[in-house]
Amino acid sequence: MTEEAFDVIVVGSCMTDLVSQSPRLPKGGETIHGHNFFMGFGGKGANQCIQAARLGAKTTIVAKVGKDSFGDSYIQNFKDNGVHTGFVGQTSCAATGVASIIVTDAVTTIFNPAPAIPDLDPDFYLVSDVFCCNESEAELLTGSSVNNVEEAHWAGRELLRRGCRAVIITLGAQGCVVLKAQESTAKHVPTTPVTAVDTTGAGDSFIGALAFYMAHYPTMQLEEVARRATQVAGVSVQTMGTQSSYPHKRDLPAELF
Ligand SMILES: Nc1ncnc2c1ncn2[C@@H]1O[C@H](COP(=O)(O)OP(=O)(O)OP(=O)(O)O)[C@@H](O)[C@H]1O
Ligand SMILES: *[C@@H]1O[C@H](CO)[C@@H](O)[C@H](O)[C@H]1NC(C)=O
């Protein structure tokens, strides 16, 4: 398969979440009763990929999983979600994802610096068509606080100065800010108020949706792309779970497509 066969190619991690619910954390060596346990598919790269696939993008992931039952079921999870698995390797050594890079067939690159490190290689800014991070990542990278829209505009300008063509900083319930190198204005995209039940993985839902819209509507203004991704991520926070809360195209209003 060539790169051109896909709308969205994600390079990133796959993790199996083992979630135990208990009244409190056990002390070292202590056994306590829990009241629930479940497993879920996670990992930032995989989450982003599943969200893009569920919206209808032809998606593949470049990743490695273990040669074990978790790895086998992860590959099955990709297949169940229509994600091409030809680039998913299996190894007996565990791989750790430190950042996820999404490449679409338009060779457009969305870079998500997660987990962020303060001394990120400066080339990452230069190769990012859209550099997308959350408040704490923006704070770590720029060294200045990012707690509101105004501060996010400031941090976004700093990231543009480092060479990104565009910057999106997500701000949880406050939505996101969008900045473009060729425009001097920073735009704030608010969310529609919703009852948030579980915001885990909202950032990956947002980035997956961003990749979908950029691949499917290449001429769409970045602000509009961000507005729609905000709507998709806003749906994901209204139910529990990470990938299990990611909406499919059929769950979303027609005006988002
Ligand atoms: N409480 C909320 N109400 C509405 N939308 C939300 C809420 N929280 C998050 N979102 C949506 O999800 C997007 C990403 O959220 P956020 O900035 O919290 O990402 P994140 O910190 O990377 O999340 P996580 O690390 O939990 O995946 C926001 O830009 C917004 O569109
Ligand atoms: C931002 O994303 C990182 C993952 O890179 C996460 O650990 C952190 O909690 C997020 N910050 C906020 C404010 O949600």
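Here are four short exercises, each with a worked solution, on the predicted model shown above.

**Exercise 1. The protein as a whole**

Find out how many helices and strands the protein has, and why it counts as being as compact as a globular protein of its length.

*Solution.*
Step 1: Start with the secondary structure, which comes to 7 helices and 11 strands.
Step 2: Next, take the radius of gyration of the protein, which is 18 Å; the globule rule gives 18 Å for 257 residues, and these values are close, so the protein is as compact as a globular protein of that length.
Step 3: Picture the box that the C-alpha atoms fill: along the principal axes it is roughly 55 × 45 × 40 Å.
Step 4: Finish with the interior, where buried residues make up 47% of the 257 residues.

**Exercise 2. Two strands side by side**

Work out which way the side chains of strand 7 point, and whether strands 7 and 8 run parallel or antiparallel.

*Solution.*
Step 1: Recall the general pattern: side chains in a regular strand alternate between the two faces of the sheet.
Step 2: Now look at strand 7, residues 109–112: T109 and F111 point one way, while I110 and N112 point the other way.
Step 3: Check burial, for which the cut-off is under 20% relative accessible area; all four of these residues are buried.
Step 4: Turn to the neighbour, strand 8 (residues 130–134), which is joined to strand 7 by 2 bridges and runs parallel to it. Within strand 8, V130 is the bridge partner of I110.

**Exercise 3. Around ligand 1**

Identify the residues that come nearest to ligand 1, and say how much of the ligand the protein buries.

*Solution.*
Step 1: Ligand 1 has 19 residues around it, and the nearest are N134, T170, G172, G175 and G203.
Step 2: Look for polar contacts: a polar side-chain atom of T170 is 2.8 Å from an oxygen atom of the ligand.
Step 3: Backbone atoms join in too, with a polar one of G201 at 3.1 Å from an oxygen atom of ligand 1 and a polar one of A202 at 3.2 Å from an oxygen atom of ligand 1.
Step 4: On its own, ligand 1 exposes 630 Å², and the protein buries 83% of that.

**Exercise 4. Around ligand 2**

Which residues surround ligand 2, and how do they divide into nonpolar, polar and charged?

*Solution.*
Step 1: The residues around ligand 2 are A114, P115, N134, S136 and E137.
Step 2: Sorting this shell gives 2 nonpolar, 2 polar and 1 charged.
Step 3: For the contacts, an N or O atom in the side chain of N134 lies 2.3 Å from an oxygen atom of the ligand, and one in the side chain of E137 lies 2.5 Å from an oxygen atom of the ligand. S136 has a polar side-chain atom 2.6 Å from a nitrogen atom of ligand 2.
Step 4: Alone, ligand 2 has 360 Å² of accessible area, of which the protein covers 46%.

Key:
Residues are numbered from 1 along each chain as its sequence is written. Chains are lettered from A and ligands numbered from 1 in the order in which they are written. This is a predicted model: local features need pLDDT of at least 70, side-chain atom pairs count only at pLDDT 80 or more; totals for chains, interfaces and linings use all residues. Side-chain values use heavy atoms; hydrogens and water are left out. A residue is near a molecule or strand if one of its heavy atoms lies within 4 Å of it. A polar contact is a pair of N or O atoms within 3.5 Å; within protein, one must be able to donate a hydrogen and the other to accept it, and residues adjacent in sequence count only if both atoms are side-chain atoms. Accessible areas come from the Shrake-Rupley method with a 1.4 Å probe; for residues, only the protein chains shown count as cover. Ala, Val, Leu, Ile, Met, Phe, Trp, Tyr, Cys and Pro count as nonpolar, Asp, Glu, Lys and Arg as charged, and the others, Gly among them, as polar. Buried means under 20% relative accessible area, exposed over 50%, partly exposed in between (1.4 Å probe, protein chains only). Helices (H or I, at least four residues) and strands (E, at least two) are DSSP runs, numbered from the N terminus. Two strands pair if DSSP finds at least two bridges between them. The radius of gyration is taken over C-alpha atoms; the globule rule is 2.2 Å times the number of residues to the power 0.38.
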